[in-house]
Every structure is written in structure tokens, then in C-alpha cells.
Amino acid sequence: MGTLLPVHVQADGTGLEGPFFIAHGALCFSNANQVIPGSYAASRDILAVSQHHGLTVFTDPGGVYSVATAALVAAAAPDSEDKGLVPHNVASLDGRQLDAPALSQLSLSPDESILAAAAGDVIRVFVVADLIGEPGQQPQPSLPPATSWHLPSGATAVQLVWRHARQECSMPECSVLCASGQLLHKFPGQQLSPLDPAGAGRQWNAAAWSRDGELLALGKDSTVTICHPDCHTHFTVDVALPEVKDSGGTLSVNTVAWLGGHSVLIGASVREPENDGQVNSWAAMMVLQWGTWDHTNGMPPARSTLLEFFPTYTESAAPVGPDNLAALPVECLGLAVVSHRKAADNHLMVLECGVEAKLVDILNDRLAARIPLAPGDADNFVLGLGVDYTSTQVAVHHPLDPAEPDLPPSPVLVVATSDAKLHFYTLSHLQRPPPMGFVRSPTLPRRVYIPADAPLVDVPSIASLEGRADVPADMFTEVARGESPAVSDQGWFDIKPGSIKPPSWQSPPAEQWKEAAAGSDDNDVGVGRKQALVA
């Protein structure tokens, strides 16, 4: 299939007052009043915020911290260039340090049940329920990972992207983009293995799964490829800007992030030669949109549109490291917050995510978000974004008229900066505030059991196994809808219908089994799915 050429459209901006920020201050754990080493500014994915469980995980040069978001917001203090912040001890906020190297890349699974922390060729995996602990329970000062995944020898992870579980009672899958450009995939219970959804063994610069787990967006050179891995179909779009082509310059995609079912935000590095022999480097921001795509027949969509936004120029003092955008959809407001990690000004941009994406110009300074300079009046850069939907205790006063009634509780934006600080902002909308009750108290995450790295075992069918003499009845346990599978010291394995005869069974001691779903009905086979342990 050839590469598609999209219709290029200069994206419109809007200066209408609507979205607004309210600053709540900042805090730090390391001594952020001193200049932070450049290696920190070169880090990526240093922040992971559980939207619905009220948990923030953050790393700085001193370690990896896990703290309730409400405790962080309550402890935040005004931050300015002429007044430093006193570092917090994580224990004083009832938080804990994770047993993972400082500056690990952090990534939460879509269901917020699993946290992955990648450093080098090792990915440490934590259960979020363990990070939060039981209500009223004093957290342990440090927490070891539940398990670790190991990359092939010599490989280094540069991006972790999760695929949402496509069936209830199943675990999310994780894809790992390596520094070499190779894409690996982690199925539950199996080793990391190469994933080549577009064929030809291509190497990639960026990857992102859609929120329904059906499609995979991949960036390479000046192209973006949209894949349906299960149907082995894809289409590719050339997103090189005409003006870059005309100047003899190059464009390289470094970010893909989903804004909707048919909409992907694209970040790219551009290099254009100038008359004096110098090279002008800047960052492009685009949104690729397309119409209906029938991924079953392999034909591309009939039309695709590329919205070009005003370029984001990178500063000469920008830190080394990844050159990419961070995008954070805030669906309850119909917005996305976007930041380029090498932009020294205009740190937080807002997109209206409608039929056609629009960049919002927040013209009133009282409504905008401002990131203070780093110590020594140095440029500051945004290294991570997260959003919290549990901050019910944060009042949202009308930002323009104190006489107006308060707005409903709204999302709280968490921003990590290159001076090792966390900044907090309410994000809301004057005309379209979030529905009352959308922001609510934290819920407890489901407790998952990480499968051991061993092959999945397929069997003919559950029905044909029940009652067989060589398969003891106590080898099965029922798992209720939405809960985790049974676990033993040897991990868990799916039983899938329509394949090979299972190996011979040996019943393990009963105490090795745990019932993952309290109150499940063993007689209702249709409610869940059977699990078996290979002895």
C-alpha cells in the first residue's frame, strides 16, 4: 500500500475565553533550589498520575516517590523565582519510595492497576493497589516491585505504551519501544517479543495505542502509520509540511498521541538550511484526522486531513534528550493540554478537541498557567503532565468575578518541571465546566496478580476439560467479571478454547490457590473464565 498524502489545513486558533487555570503552588522532594544536573532534564516520563485513584508517582535525582495527590496539593506552596521551596520528606506526606532507580521512566496501565518503571534493560512492575495500601494502614517506607521484565541483551527502553485490555477479566498488554527503534510487546504470562504490525521489520521513533486498544499509531521519519494489528492492516500518511519540502529541509516525527478515535496529535523535529549555511531547528505540531476506515479490507480511508499549528520553536538553551510533545486529553472538558519538553516559554498549550482541533489562545493573563523560572533565572521546561479527577476538596472560585458562585470541582493538572518540582493547577472551563459529580473521591484500584513469564497454555475447551479424569476439578477457579485471575507461586495462565491437549496435571496444595474475586459464583461459568495452573 502506498503512502497517503493528506489535505493540509492551517489550523485556526480561538481567543474566546473558556478554558482557564488556577495555580495552587508547587513542591519538591530533592533540593530543587539548586541547579539540577542536566541528566535530569534529559529524562522522560518522570511522572505518572492515577486519574481515578488519587495517586501520584514521581521521580527526581533522589528517588521514585508515591504519594496521594490530595496530600501533594495540600502541601503545595507558592513558587517564585526569588523564593525557594523547602524540600519535603516523602514520609511526612504519608508517601513512600519505590524500590526502583531514580529517573526511571514511569507508565501506568490504562486501567491504572499496574505501574511500570523502566531503567536500562529492566522494567520493574508494581501493583497500584500495593502502592495505595489498605484504608487506614500505615504505608511501608519503601516498596519492592511485584516482578521485573527483562529486555533482550543490549536493548534499552525509551517509551512504554500500554494496550487497554480488550476483554473483561483480562490483563492490559504493554508495548516497549527500544532505542534501536524496535518495538517489543508483552502479553500477560509471556516473554517480551518483537511486534511488527506494519511488516517489513521497520524501526520506529514513536508509538501510541488508541484508548480502545484496537489501533496502534507509529511514527517514522516523515510518516505516521495507523495499524490494526489483529487484522494485519494499516495505512501510512506522509506528514511532511510543504514549506519544509520546498526549503530542502527534513521533518522527523517524534511524538504520536491519540486525541480521539480518528485523531492523532503529531510532534516533529524540523531542520531547515539557511542562506548563511546555518541550520534552523524548530518543532512542528500537527493533528492528523481521517474519516471512516474499514480495517477489515485493507483499504485506507478515503480522506485524511493534516492540521498545521503555529510552530513551536525550541530554544538554544534547551536540554539534551528527547525532542517530543506531551499530550494529556481531559475529556470531561473537551480539551487536551499539550507541552513541548524543549519549549522555554508558552509551556502549557490547550487544544479544543472537536470535529476540528483548535489551539486556544488564553489571552487573559489571570486565566493562563505560568511556569516560574528555574533557580538562577534559568529556563524551565515541562518534563511530565498528569491529571487528577479526585480533588473534591479543591474549591474552584470564579477566576474573573469573585461574586459569581463557585464552579463544580474540576480536574487538577500535575506538571513536573526540569527543576525537579511538581506544580498544581485546576483546569476548568467558564462555559463548559465539568458535570457535577464527575470529580469524585478516589476509588480503590482492582488488585491484580502479575502473571509469571511463561508460555500461555491452550486447551481444547473448558467444557471438554470439566469432568475429565486427568484434570482434577480443584485445578480450576472461577474469576468474576472485572476481577483478577487466580494466582499461585507459579503465576496464572489463560485456558483458551480450540487448541492443543493440555499437559498432564498435578494438583497443587490447596493453600497455593487464592480466590481473586470474593463472592464469585462457581456455578455460573458464563460470568467469568476458567483459569488453570500448570504444575
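**Exercise 1. The largest cavity**

Work out what kinds of residue line the largest cavity, and which lie closest to its centre.

*Solution.* Start with the classes: the lining of the largest cavity has ten nonpolar residues, one polar and two charged. Keep in mind as you go that this is a predicted model. Next, the space itself: the largest cavity holds about 80 Å³. There are 13 lining residues, and those closest to the centre are Trp149, Met171, Pro172, Lys186 and Pro188. To finish, step back to the whole structure, where a search turns up three cavities of 30 Å³ or more.

**Exercise 2. The largest pocket**

Describe the largest pocket: its volume, its lining, and the elements that build the lining.

*Solution.* First, the volume comes to about 1500 Å³. Second, 47 residues line the pocket, and Gln51, Leu108, Ala327, Leu328 and Pro329 are nearest its centre. Third, look for elements that give two or more residues to the lining: these are strands E5 (47-50), E9 (105-108), E14 (157-163), E18 (206-209), E22 (250-260), E26 (325-330) and E30 (382-388). E30 gives the largest share, six residues. Last, sort the lining by class, and you get 28 nonpolar, 13 polar and six charged residues.

**Exercise 3. The nonpolar cores**

Find the residues that touch the most other members of the largest nonpolar core, then say which strand gives the most to this core.

*Solution.* The largest nonpolar core has 27 residues, and the ones touching the most other members are Ile226, Val239, Leu251, Ile266 and Met286. Now the elements: E18, E20, E21 (233-238), E22, E23 (263-273) and E24 each put in at least two residues. Of these, E24 gives the most, with five.

Zoom in on Met286. Skipping its neighbours within four places in sequence, Met286 is in contact with Val239, Leu241, Leu251, Val264, Leu265, Ile266, Ala268, Leu306, Leu307, Glu308 and Phe309. There is also a second, separate core of 22 residues, with Phe29, Tyr40, Val67 and Ala420 among its members.

**Exercise 4. Two residues with side-chain polar contacts**

For Thr225 and then His185, decide whether the residue is buried or exposed, and name its side-chain polar partner.

*Solution.* Take Thr225, which sits in strand E20 (residues 223-228). Its relative accessibility is 0%, so it counts as buried, given that the cut-off is under 20%. Its side chain makes a polar contact of 2.9 Å with the side chain of Thr236. Beyond four places in sequence, the contacts of Thr225 are Ala198, Arg202, Trp204, Leu216, Ala217, Leu218, His234, Phe235 and Thr236.

Now do the same for His185, in strand E16 (residues 183-186). With a relative accessible area of 2%, His185 is buried too. Its side chain pairs up with that of Glu173 in a polar contact of 2.7 Å. Apart from neighbours within four places, His185 is in contact with Glu173, Cys174, Ser175, Gln191, Leu192, Ser193, Leu195 and Trp209.

**Exercise 5. Three loop residues**

Place Met299, Asp94 and His232 in their loops, and work out whether each is buried or exposed.

*Solution.* Met299 lies in the loop between strand E24 (279-290) and strand E25 (304-308). Its relative accessible area is 53%, and over 50% means exposed, so Met299 is exposed. Leaving out neighbours within four places, Met299 is in contact with Trp293 and Asp294. As for His234, it is 65 residues away from Met299 in sequence and 8.3 Å away in space, C-alpha to C-alpha.

Asp94 belongs to the loop between helix H2 (69-75) and strand E8 (96-98). At 52% relative accessible area, Asp94 is exposed. Check its backbone as well: phi is near 60°, a positive value in a residue other than glycine.

His232 is in the loop between E20 and E21. It is exposed, at 66% relative accessible area. Phi of His232 is positive as well, near 55°, and again the residue is not glycine.

**Exercise 6. The whole chain**

Sum up the chain: how many helices and strands are there, and what percentage of residues is buried?

*Solution.* Count the elements first: five helices and 35 strands. Then burial: 54% of the 535 residues count as buried. Finally, take the contacts between residues at least 6 apart in sequence; 66% of them join residues at least 24 apart.

Definitions and conventions. Residues numbered from 1 in each chain as written. Predicted model: local features only at pLDDT ≥ 70, side-chain atom pairs only at ≥ 80, totals over all residues. Heavy atoms only, no water. Helix = DSSP H or I, 4+ residues; strand = E, 2+ residues; numbered from the N terminus. Buried < 20%, exposed > 50% of the residue type's maximum accessible area, 1.4 Å probe, protein only. Contact = heavy atoms within 4.5 Å. Polar contact = N/O pair within 3.5 Å; in protein donor to acceptor, adjacent residues only side chain to side chain. 1 Å grid on protein atoms, 1.4 Å probe; cavity = no way out; pocket = protein on both sides within 12 Å on 5 of 7 lines; lining within 4 Å. Points joined across faces, edges and corners; volume = space filled by probe spheres on them. Nonpolar A, V, L, I, M, F, W, Y, C, P; charged D, E, K, R; others polar. Core = buried A, V, L, I, M, F, W, Y, C linked by side-chain atoms within 4.5 Å.
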